[in-house]
Amino acid sequence: PLSALGYQFPRTGNGYANVWMYDDSDAAHPSVYQRDYLMGRLYHPLTAGQSYCVTFYVNESNGAAFAINHIGAYLDDGSIDTNSFCGLPHPQYTPQVYELAIINDTLGWTKIQGSFTANGTERYITIGNFFSRIATDTIWRYHTSGGGHGAASCYEVDDVSVIATGTTAYAGRDTTIHAGDSTYIGIDSNGEGMPCLWYTLGEPTPIDSGGRIRVHPAGTTTYIVAMDLCGTITYDTVVVTVADVGMNKLNEQFLHIYPNPAKDNFTIEGALGCEVRIYNVVGQSFNKLLMTTNKEIIDISDLSKGVYIVEVCEPETGQHINKKIIKE
């Protein structure tokens, strides 16, 4: 977390990039300037006519003298000139996404997000401040003796993503692990930086962020992921079952819920004496009943269409199994 310009932990993962986005030194020395631009190649070229949501997070370095606005992202085919006039601003390029507000948070990560329609040539993303010194709004913070940079504005950058509009959250496949083990959930690859927050069922406080996280549940747990693509939030759930040691009255092998998807009702079988609850993906509880027979029909006609979690709990042992069901 300790860099030459400040102290900050990555938002996710193990690292971030530090980008010098503004320098006022040309006011006294016109020949001296300093700008950095952070470039990366996209995993796939963008599709012409498709709308994309661009997201990245920034944190102002502790040693920066200025807080600025107009931090943005420019996407193109790679023809952007990264060799000539190094260190100078490049107002000839207009970023598709940029932040109008001045960002001066040195503690947390600030999300910069916006959407645009691709022309089909975009293969690279470049992040920085493309605006001229005059066109950049600034707030003078301070000049720290020894560690500060009296004319500079520097930001850490983390978790960059370019995601097609209409993409929905994906929490991964339900899985079973042994007691004491951990597992990854979410996107299997290239998903760490996605604009996602993770929750456990029924808990309002996020437990982690990013498209892929590692979990170490003490017992069977339902996780909820919420993805924000430029204001459109979608949810998905995944159940991590922890295999208990010893004899259990509730056996997932003999627990059946059908049909799935269901319309007005579904049947649950193999849960005699268990409590059954139904939750939506944000943890709101609906139906609750006690299974007095081994086979019961559950009425869900009053529920809205969507994804729900059926939680089956054995009262004596506390063992519970969660199943995902879709209401049509």
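**Exercise 1. Describe the largest pocket and its lining**.

Step 1: start with the space. The largest pocket holds about 890 Å³. A pocket here is an open set of points on a 1 Å grid over the protein atoms alone, where a 1.4 Å probe fits, with protein on both sides within 12 Å along at least five of seven lines. The volume is the space filled by probe spheres set on the points, which are joined across faces, edges and corners.

Step 2: find the centre. There are 29 lining residues, and Tyr 43, Val 160, Ser 161, Val 162 and Asn 190 come closest to the centre. Lining means having an atom within 4 Å of a point.

Step 3: look at the elements. Strands E2 (38-41), E8 (124-128) and E10 (152-164) each give two or more residues, and E10 gives the most, seven. Strands are DSSP runs (E, at least two residues), numbered from the N terminus.

A word on the model: it is predicted, so local features need pLDDT of at least 70 and side-chain atom pairs 80 or more, while totals for chains, interfaces and linings use all residues. Residues are numbered from 1 along each chain as its sequence is written, and side-chain values use heavy atoms, without hydrogens and water.

**Exercise 2. Now do this for the second largest pocket**.

Step 1: its space is about 240 Å³.

Step 2: among its 17 lining residues, Leu 197, Tyr 199, Ala 226, Ile 233 and Tyr 235 are the closest to the centre.

Step 3: two or more residues come from each of strands E13 (196-200), E16 (221-229) and E17 (232-243); E13 leads with four.
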